[in-house]
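Open the model in your viewer and keep the selection panel at hand. The tour moves from one selection to the next, with a short description at each stop.

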Amino acid sequence: MSGDLLLVDDDAAIRTVIVTSLRRAGFDIRVASSLAEMERELKRARPDLLITDVVLPDGDGLDRAAALTESDPGLPIIVLSAKNTLSTAVRANEVGAFEYLPKPFDLDALTAAVRGALDRSVGDAEEQETFAEDAVPLIGRSPAMQEVYRIIARMVSNDLTVLVTGESGTGKELVAHAIHDLGHRRREPFIALNMAAIPRELIEAELFGHERGAFTGAQARVAGKFEQASGGTLFLDEIGDMPMEAQTRLLRVLQSGEFTTVGGARTIRADVRIIAATNKDLHQRVEAGQFREDLFYRLNVVPINLPALRDRRQDIALLARHFLDRAAEEGLPRKRIDPAALSLLEEHGWPGNVRELQNVMRRIAVLGRDDVIDAEEIAAMLGAGEGGSAVEPLLPTKNIADAVRAHLRHIERENPALLSNGGLYDHMIAQVERPLIETMLARHDDNQLRTAQALGINRNTLRKRLDLLGIEAGKRAETKD
Ligand SMILES: Nc1ncnc2c1ncn2[C@@H]1O[C@H](COP(=O)(O)OP(=O)(O)OP(=O)(O)O)[C@@H](O)[C@H]1O
């Protein structure tokens, strides 16, 4: 791949090293040692990529880069800096720099970053802008999130294994998606598998696929997630819940880059990027003998820890408004929120993190009385949530009560024995429970874990209720592309 690169650095030795290495990799590269020289080069011709140092003799390379991205948003920029402070990284991120490389950096890493940046900038600039917006749906400007963005930005130009940790609902899956969507594998599949959502005995077959006749009921050869994700990204959610035998097998794949299907003799190359996530303390699991230490180190190549929402309260207002906007885009009433209401949100404990905030905002969008949400409404909503009871009935209680009475009259006519044979209570509860569970399952694409979380019940409780009510729930949601 060739490309016209412009390197701006006042250190002649660094210029020489970079120029030599990038020319060897097949790139054309021009150099400048100051902002003034850079301006001259920019006037001569627009480069395909700018690589700049931060501290230059006649000014700040990052400030200039920020101005450049305003006037030329399609120009990819790589920032090199010896000032390894977080603020430089954050500024580089704000500028939208494709990659931030702290000095001293690895020349291979620079070459990979250049390739990734050029690859990404190929194509229609307009399409890219929308792509970039859609690709990073992560909201929040707190320092903790900036650090997360900085790591994500550095992960898009390589295939390193990433371990995302954080409490439930902090956005781990969103981060995995962002890494995939921004990286060079973005046109290939993103396949997710949640270890906690499928029966333990099926995990290996789900991951590696199985041959016909590998076990009872295996009537045809089935490709596993590794094969489905080929060329793309495999997201292993709730990795802490992976059974030991599957851990051993996964470790072997990570070591050898190959796997065999269950019951199969063929080996298949595993061209996938692995992103794992967990809300469990894996160190503790390792100590308790429940998680293989060697696998932990294989997965924890690049750790990303997502902060709990209560530890980044400055993001709450932004997130709340974002979720209200999203609700309005989906056709729910458009609501605004007043400052006192926002303060209350900021003081809340948020045990369910961003997911909980999202649910609260959606409920308010549906149920709120006025266009402007006030503190009283928020207090009522949060108070009800904490008690674990229904927030406020969607339908006035009277209608549900009427429905119950009408159904009892119907039973009296059609099946009077039910009124006295002891089965009435279960029957009536099932009348409410079935549509409730079915509707919520449909909303969550049949994903049982998310449905249980949304309902506020344990996943096993949900499973039992599904069995009892005879509701069939598929597993469509485990696979996403
Ligand atoms: N920073 C964020 N900006 C916007 N939305 C967010 C953010 N973080 C999380 N969300 C939203 O909150 C919900 C939960 O996020 P996600 O599923 O990624 O969390 P998680 O950490 O993977 O949760 P779990 O551990 O329970 O699977 C999603 O609907 C997601 O879109």
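Begin by selecting Leu7 together with Val31, a residue of strand S2, and you will find that Leu7 stands opposite Val31. Keep in mind throughout the tour that this is a predicted model.

Now widen the selection to strand S1 (residues 4-8) and S2, which run parallel and are joined by 5 bridges. As general background, the strands of a sheet pair through backbone hydrogen bonds, either parallel or antiparallel.

Next, display the sheet to which these strands belong, an open sheet of 5 strands in the order S2-S1-S3-S6-S7, in which the pairing is parallel. Strand S2 (28-32) and strand S7 (99-102) stand at its edges, and because each has a single partner strand, one side of each is left without a neighbour in the sheet. From one strand to the next, the twist averages 20°.

Add helix H1 (residues 12-24), whose 13 residues reach 18 Å from the first C-alpha to the last, close to the 18 Å expected at 1.5 Å a residue. This helix, H1, lies across S1 and S2 and runs at about 165° to S2, and it is followed by Gly26, whose phi is positive, near 100°. Then select helix H2 (residues 35-44), which also lies across S1 and S2, but runs at about 140° to S2.

Which strands form the next sheet to select? They come in the order S9-S12-S15-S8-S16, and together these 5 strands make an open sheet with parallel pairing. Its edge strands are strand S9 (190-194) and strand S16 (302-305), each of which pairs on one side only. Within this sheet, select strand S8 (residues 162-165) and strand S15 (residues 273-278), which run parallel and are joined by 4 bridges; here Leu163 stands opposite Ala276 in S15. Helix H8 lies across S8, S9, strand S12 (233-237), S15 and S16, and runs at about 165° to S15.

For the last stop, select the ligand and the 17 residues around it, of which Ser168, Gly171, Lys172, Glu173 and Val354 come nearest. The elements that give two or more residues to this shell are helix H8 (172-182) and helix H16 (353-367). How many residues of the shell are nonpolar, polar and charged? They divide into 5 nonpolar, 8 polar and 4 charged. Finally, colour domain 2 (143-305) and domain 3 (309-387): both give residues to the shell around the ligand, so the ligand lies between them.

Key: Residues are numbered from 1 along each chain as its sequence is written. This is a predicted model: local features need pLDDT of at least 70, side-chain atom pairs count only at pLDDT 80 or more; totals for chains, interfaces and linings use all residues. A residue is near a molecule or strand if its C-beta atom, placed from the backbone, lies within 6 Å of it. Ala, Val, Leu, Ile, Met, Phe, Trp, Tyr, Cys and Pro count as nonpolar, Asp, Glu, Lys and Arg as charged, and the others, Gly among them, as polar. Domain bounds come from an automatic or database domain assignment. The expected span of a helix is 1.5 Å times one less than its number of residues. Two strands pair if DSSP finds at least two bridges between them. Axes are lines fitted to C-alpha atoms, for helices over the stretch in contact, and angles run from 0 to 180 degrees between N-to-C directions. Two residues are in contact if their C-beta atoms, placed from the backbone, lie within 7 Å.
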